[in-house]
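This report is an introduction for someone who is meeting the structure for the first time. Please keep the sequence and the model at hand while reading, and follow each element in turn.

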Amino acid sequence: MPRVVSLFLPSWSTDRLRRKLGVASLPPDKPLVLVGRDGQRRVVVSADRTAFDAGLRVGMPATKAKALVPDLIVMDAEPAADADALDRLALWALRRYAPVVAADPPNGLVIDTTGADHLHGGEQAMLADLVARCGSAGLAARAAIADTWGAAHAVARFVRRPTSLVLSGGISTALADLPIAALRLPHEIVDSLRVLGFERIGEVMALPRAPLTLRFGPELGRRLDQALGQLAEPIDPLRQPDAIEVRRAFGEPISAAETIAQYIGKLVEGLCRELEAKGQGARRLDLLLHRVDNRIEAIRIGTALPVRDAKRLTRLLCDRIEKIDPGFGIELMRLAAPLAEPLFAKQTISSLIEEPEVEISGLIDTLSNRVGEEHLYRFAPVASDVPERSVRRVAPAAPNVGESWPDHWPRPARLLPLPEPIEALALLPDHPPASFTWRGIRRRVRRADGPERVFGEWWKRDAELEAVRDYFQVEDDGGERFWIYRAGDGEDAATGSHRWFLHGIFG
């Protein structure tokens, strides 16, 4: 089942103008509206959140808006610039999220994420990341995902939540309570339905279709069918102008998995020749399969390092063939590299001189395309005395910067995300506990080593100016070894609470 994301930017025009002109020209605490022509009248065509909170609305005469809010900033709308900027935003989403992305004017994007959401940790994580990245760029945003473009479009614009996930098969329930305007109908049809007493989509869905078509024409039924998934609504995907791309059209549609795999190999070989001619390697590949029913099936794979190995790229793409629904057949296949980086020839290491380096990037690529890039990482050291701050997650193929953990005291193989409180019996101030209770199990300490004193990083937080931890390595009767600490030096209450915590487990 396809899954479609609708990204809604309610203040797209004003947010873009604020970013362009800066705070000096457009203070964020001043309401801003953009005006355009509606016949001979100048009306509000876009307003920011401050202006909406002040009671201004799109379609209001500009003179009335200025009279209601004396300190209102009024500027001319720039529809052409807004459209160009929306296309650039769609290009960013194409490179980052999915191979099928299109602008949804005047203030949104539509993204077919079928087969690509696993690369971002799942649908909910992907929506949260999309909205968060827009927010960090100064763009107010809401996003929804559903089985159809129409349903996702409606929920994103009329459900007041940053992210909304409509489960497969739940479109009718999700749309029933939304206003009729969510169906992307002309204002004349919406106004006429309201005159007849209809306010919600569910009320219209319950009516016989023939009288509606007779009175309002085919548009109302078409939008209803598109939103409910009973009528296809293809997305015309944005094409990256500088992307390296190869394609293959078929006189007769193909559908067998073996045939698809065969032509994937041919396309990859052609793409690798193009990459070699430009001295580049692919970091991301998008395979688009155009079906005869005007739907697009898409596969996206990523690599940890630039790759130009045809066999390796073919294997990664063919691993996801089972996700392809060929329908009544595929008439066109396109393979593009939306993200490519320089790839230079390397001198092969001779085994007579030195040992060859172990190459694991192929394994990294296989795993990351199966479980998602967000779930594959390695740990790297950070210069910090506080244990939970001395490690960070980096990409599996990230270069080694030469840092290492201190080796004068051993560290546990497993460090808990947060230290867990334990009940301990110990002689203060310097003795390890004689026993402790963790997760309801009492453990008697047979051996212990310590303390290792760790001081707080006072230059980061004032609360750590006098903070102290005393760490001990302890072994229980069963031979299990733990890393525990006491908060405080055992004497001065200002250094910590003197409570005990378990922070890690040795292998």
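## The enclosed strand β6

In this predicted model, strand β6 covers residues 108–112, and 5 of its 5 residues are buried, so the strand is largely enclosed by the rest of the structure. Buried here stands for a relative accessible area under 20%. The residues of β6 point in two directions, with Gly108, Val110 and Asp112 facing one way and Leu109 and Ile111 facing the other way, and all of them are buried.

## The strands that pair with β6

Strand β1, made of residues 4–8, pairs with β6 in the antiparallel sense over 5 bridges. Within this pairing, Ser6 has Val110 of β6 as its bridge partner, and Val110 belongs to the group that points the same way as Gly108 and Asp112.

Strand β5, which spans residues 100–103, is also antiparallel to β6 and is joined to it by 4 bridges. The connection between β5 and β6 is a hairpin of 4 residues. Two of the facing positions can be named: Val100 has Asp112 of β6 as its bridge partner, while Ala103 stands opposite Leu109 in β6.

## The five-stranded sheet and its helices

These strands belong to an open sheet of 5 strands, whose order is β5-β6-β1-β7-β8 and whose pairing is mixed. At the edges stand β5 and β8, the latter consisting of residues 163–165, and each of the two pairs on one side only. From one strand to the next, the twist of this sheet averages 15 degrees.

Helices lie across this sheet as well. Helix α4, residues 79–96, lies across β5 and β6 and runs at about 170 degrees to β5. Helix α6, residues 149–158, lies across β1, β6, β7 (142–146) and β8, and its direction makes an angle of about 30 degrees with β1. Strand β6 is therefore named among the strands under both helices, α4 and α6, and this can be read beside the finding that 5 of its 5 residues are buried.

## The four-stranded sheet

Another open sheet has 4 strands in the order β9-β12-β10-β11, and its pairing is antiparallel. Its edges are taken by β9 (244–254) and β11 (296–307), and because each of them has a single partner strand, one side of each is left without a neighbour in the sheet. The twist of this sheet averages 15 degrees from one strand to the next.

Inside the sheet, strand β10, residues 280–291, and strand β12, residues 330–342, run antiparallel and are joined by 10 bridges. One of the facing pairs in this arrangement is Ala282, which stands opposite Ala340 in β12.

## The cavity

When the whole structure is searched, 1 cavity of 30 Å³ or more is found, and the largest cavity has a volume of about 130 Å³. It is lined by 13 residues, of which Leu94, Gln240, Glu245, Arg334 and Ala336 are the closest to its centre.

Strands β10 and β12 each supply at least two residues of this lining, and the largest share, 3 residues, comes from β12. In chemical character, the lining of the largest cavity divides into 8 nonpolar residues, 1 polar residue and 4 charged residues.

Terms used
Residues numbered from 1 in each chain as written. Predicted model: local features only at pLDDT ≥ 70, side-chain atom pairs only at ≥ 80, totals over all residues. Heavy atoms only, no water. Pairing = 2+ DSSP bridges. Axes fitted to C-alpha atoms, helices over the stretch in contact; angles between N-to-C directions. Buried < 20%, exposed > 50% of the residue type's maximum accessible area, 1.4 Å probe, protein only. 1 Å grid on protein atoms, 1.4 Å probe; cavity = no way out; pocket = protein on both sides within 12 Å on 5 of 7 lines; lining within 4 Å. Points joined across faces, edges and corners; volume = space filled by probe spheres on them. Nonpolar A, V, L, I, M, F, W, Y, C, P; charged D, E, K, R; others polar. Contact = heavy atoms within 4.5 Å.
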